[in-house]
Amino acid sequence: MMNKVKNILWPLLFGIAFLALWQMGYVHKVLDLKPFQLPVPLEIVQTLHANLPKAIKDCGVTLSGAFIGMMIGSAIGFMIAVIATIFPKWGYGGLIIITAFNAMPIVALSPIMNLYFSTGMAQKIGVVTIVCMAAMAMNAYSGLNTLKPYSMDLMHSVAAERWVIFKKLRLPNCMPNVFTAFKINVAASIIAAIISEYFATSTAGLGFGIKDNLRKAEMAMGWSYIVVASLAGVLIYIVILLLERNVIKWHASQR
Amino acid sequence: MTISKHERRLVTAVWLVGILAFWEIMAFILKYVVKSEMASVKLPFLHTIFITMFQNAGMLLEASAVTFSRALLGFAIGAVIGVVLAILMSLSKTLERIAFPYLIISQMIPVLGLAPIIFNIVRDMNLSRIIIAAYITFFPVSVNMLSGLKSVDQEKKELLYAIAASKFNVYRKLMLPYAMPYLFTGLKIAAPMAVTASILVDMLGSKSGIGVKMLYSLYSSSMDIFWASVITSAILGIVSYYLVINAEHFFLPWQSGKEGETA
Amino acid sequence: MFKKRNLKLVLVMLLMVSLLMSACSSSAPASTESASASETTTESSTSTDTPKEMDKMTIQLKWLPQSQFMGYYMAASKGYYEDEGIDIEILPGGSDIIPEQQVYNGVADVGVTWVSSLLKYQSQGWELKEVAQVFQKSAMLLVSKAETGITSPEDLVGKKVGSWFGGNEYEIYALLEANGIDREKDLELVQQDFTMNQILNDEIDAASAMTYNEYGLLLESGLSDADLNVLDMNDEGVAMLEDCLFVTDEWIAENEDLFVRFLRASIKGWQDACADPEAAGQVVYDADQSVSLEHQVYMAKEIAKLVTPEGFDPAKIGYIDMDAIQQTADLAYKYGLLTEPAVLDDTTITSKYFEEATK
């Protein structure tokens, strides 16, 4: 219990201290910025408050796209890792393809997806899916194959079938890695969804709000959208953390 | 589970041919079966892209060199920052608690909002570009490294402490070696990301680089050059990935054996 | 086995070293890449043994290097900047580059942006000042395929209309409102990406297009003028001014003379470019090889029409027409870009340096 309080308290205290310094103008002084270049927190909050219903709606659009895309992308990534494990000889090439996808910038992916999908949502999901595949494939593959010494020998000594080895040894072994991948993908999926919205055929979403307002010098409004994105990212991250705690209680990282 | 070198080459070749064939078939279907008017833009034939790449080889190579060198620099700086942050966070639970949510937040700030602030601080475009590339790259390295450091069995740590090993030695002898496979997984994710990041910063008013070619060709509807640069960026990603794999084979030879490959 | 591994180590090391070296060597000249680019274009005079001290100056373009900015490339290529003792660096724009911020941050000395956008920044407290007006007309069009049948603004009702937003939507807002169309209810406004694929693909009915760029792209894609209907903002009476030059108050206070020299050289460059757009297109194409020469020449011809419209004296390139500025400001206020009327006085806009440069 004490730990849980600490978990929340420490980052919160740090955040409040930082926000206070920012509000009082120290951050601006250190970085030599003017308030109209980077608005102060209170201004951001006021702007956000005045625009709350629309911001929440936009947040919903972006997050649902990011979430669906992350799930599809992670699922594909995991499948590829599994295939690469079952057929080490042939499946390994799949990982390399994934890498190639990962090196295509979102700025190029978005217009390509625009060609295939006419709605902003489908385009977003397409982009996020591709962005999220690699982290999961790499991590899951590493988890499925970095087994503890002798564990394989043990399995062989009891003449376990491949399926049993997979279910009892490999799958649990890769769970921590899967969660690591999710942690990376939470951040990646939201930012990918945001950037894809810069180019989407729609005017909804956090990305549109950020781009439109920052370009038009509505800094407070633009940053209020960035704040919403950050809060959403941390919230989803916490959900992943709680899930991790329940699913892999046995793992060293959870003790 | 060991696969001979010869076999590996064969597998790679089969994959390569398979992908080429798959792409060509899809392009064929799009053009002649679905009869999409935009077929040459949506999914041009791979061989036409290769012809474009060949015709513009000099330009693309030059651009690749700029982008790749910047990616390498961004990757190196990002990886070091990522590892250092992970070690610091593993040393102090408090620091981890403080830092991690903010690391996530840091990844939520898009370049459009971040770049003016970095420019304002650094006032040098080139340095700013490298900083931004590193900023995008460090996150997966940090996350993977940290989860590696945290995965060390408590018993082992206690054992070492019990024989009066110093914290430094525990890290050197146990924690860091243990976290290495995790680190390399992080690096494998980060390497192509560094290429992406480098392409992104190319677009921040640079005069050369794959990103510039991509943006220019996209905006001027030169879709052949656009696709050629997209494929080039994918190849750069694969090259960066292979570099990490090679480094892993070298530094962690025992690890590579388990991945169905032997050096 | 060991040997093989050793070999691999050497290979990896070699790769790393060579890459790092290429990184260092490419990042070093990269900082002067624009300078060297202007050097290559001014081959006639070697820049290393110039006798007098050159003043360094940077100009931030609003977008990618293209004939839209041909005057500056022309002036650099013909050595006009050098004649005025200026070592010019031309910074290209990009999707994440905002010229107002670049100039305010001190990354560039002079910037190119749209008047409406500059007015917005000024109203938010950014101490920026317009010092020359390059384009005398609006280049904004709403283009649609002829079969869609959009020949007047009223025909836009019920249609899907594209805009780039981010400050580029206000002429369209003005067009709609001036014709009694409610932009929330009567039609759907959607965002366009950088390409014209959405209209080619029939995903939208009408698209924003600049006369000098996107319209040309549509023509290059195989459509002819007869296939396209055009709503021209100038004809509809809702034109807002675009490319202008601006500086910060702080910089201009210290570099008045330098800026006048820069402006003089730039005007000469624009005059040459407008007189011979074919040559200007070639100069821009040489400065950056990736966009097709044809397109650059097409663009140069269209840009010439904006910089020197019919009956406009080329000697007056850069002239600030306060009536047109006032219309831009009025429209920007009326249709919501500005929350209060723009302040148009010596603090925000001045012809002082233009008059000095054209004396």
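**Strand S3 of chain C, the domains of chain C, and the contact of chains A and B**

Tutor: In this predicted model, strand S3 (residues 110-114) of chain C has five of its five residues buried, so the strand is largely enclosed by the rest of the structure.

Student: Which residues of S3(C) point one way, and which the other way?

Tutor: C:Val110, C:Val112 and C:Trp114 point one way, while C:Gly111 and C:Thr113 point the other way. All of them are buried.

Student: Why would they split like that?

Tutor: Side chains in a regular strand alternate between the two faces of the sheet.

Student: How many bridges join S1(C) to S3(C), and do these strands run parallel or antiparallel?

Tutor: Strand S1 (residues 55-60) of chain C is joined to S3(C) by two bridges, and the two run parallel. C:Gln60 has C:Gly111 as its bridge partner in S3(C).

Student: What about S3(C) and S10(C)?

Tutor: S3(C) pairs with strand S10 (residues 243-248) of chain C over four bridges, in the antiparallel sense.

Student: Which residue of S10(C) is the bridge partner of C:Gly111?

Tutor: That partner is C:Phe246. C:Gly111 therefore has a bridge partner in S10(C) and is also the partner of C:Gln60, and C:Gly111 belongs to a strand in which five of five residues are buried.

Student: Moving on, how is chain C divided into domains?

Tutor: Domain 1 of chain C covers 52-136 + 241-357, and domain 2 covers 140-236. Their C-alpha centres lie 26 Å apart.

Student: How many residues does each domain of chain C give to the contact?

Tutor: Domain 1 of chain C gives 14 residues and domain 2 of chain C gives ten residues.

Student: Which elements give two or more residues to the domain 1 side?

Tutor: They are helix H6 (115-123), helix H14 (293-307) and helix H15 (322-334) of chain C. H14(C) supplies the largest share of that side, five residues.

Student: And how do the residues on the domain 1 side divide by type?

Tutor: Seven are nonpolar, five polar and two charged.

Student: Changing topic again: how many residues do chain A and chain B bring to their contact?

Tutor: Chain B contributes 60 residues and chain A contributes 59 residues.

Student: Which element gives the largest share of the chain B side?

Tutor: H9(B) does, with ten residues. Other elements giving two or more residues to that side include helix H1 (5-33), helix H7 (125-150) and helix H11 (223-251) of chain B.

Student: How many residues of the chain B side are nonpolar, polar and charged?

Tutor: The division is 37 nonpolar, 15 polar and eight charged.

Note on methods
Residues are numbered from 1 along each chain as its sequence is written. Chains are lettered from A and ligands numbered from 1 in the order in which they are written. This is a predicted model: local features need pLDDT of at least 70, side-chain atom pairs count only at pLDDT 80 or more; totals for chains, interfaces and linings use all residues. Two residues are in contact if their C-beta atoms, placed from the backbone, lie within 7 Å. Ala, Val, Leu, Ile, Met, Phe, Trp, Tyr, Cys and Pro count as nonpolar, Asp, Glu, Lys and Arg as charged, and the others, Gly among them, as polar. Domain bounds come from an automatic or database domain assignment. A residue is buried if 20 or more other C-beta atoms lie within 10 Å of its own, exposed if 12 or fewer, and partly exposed in between; C-beta atoms are placed from the backbone. Two strands pair if DSSP finds at least two bridges between them.
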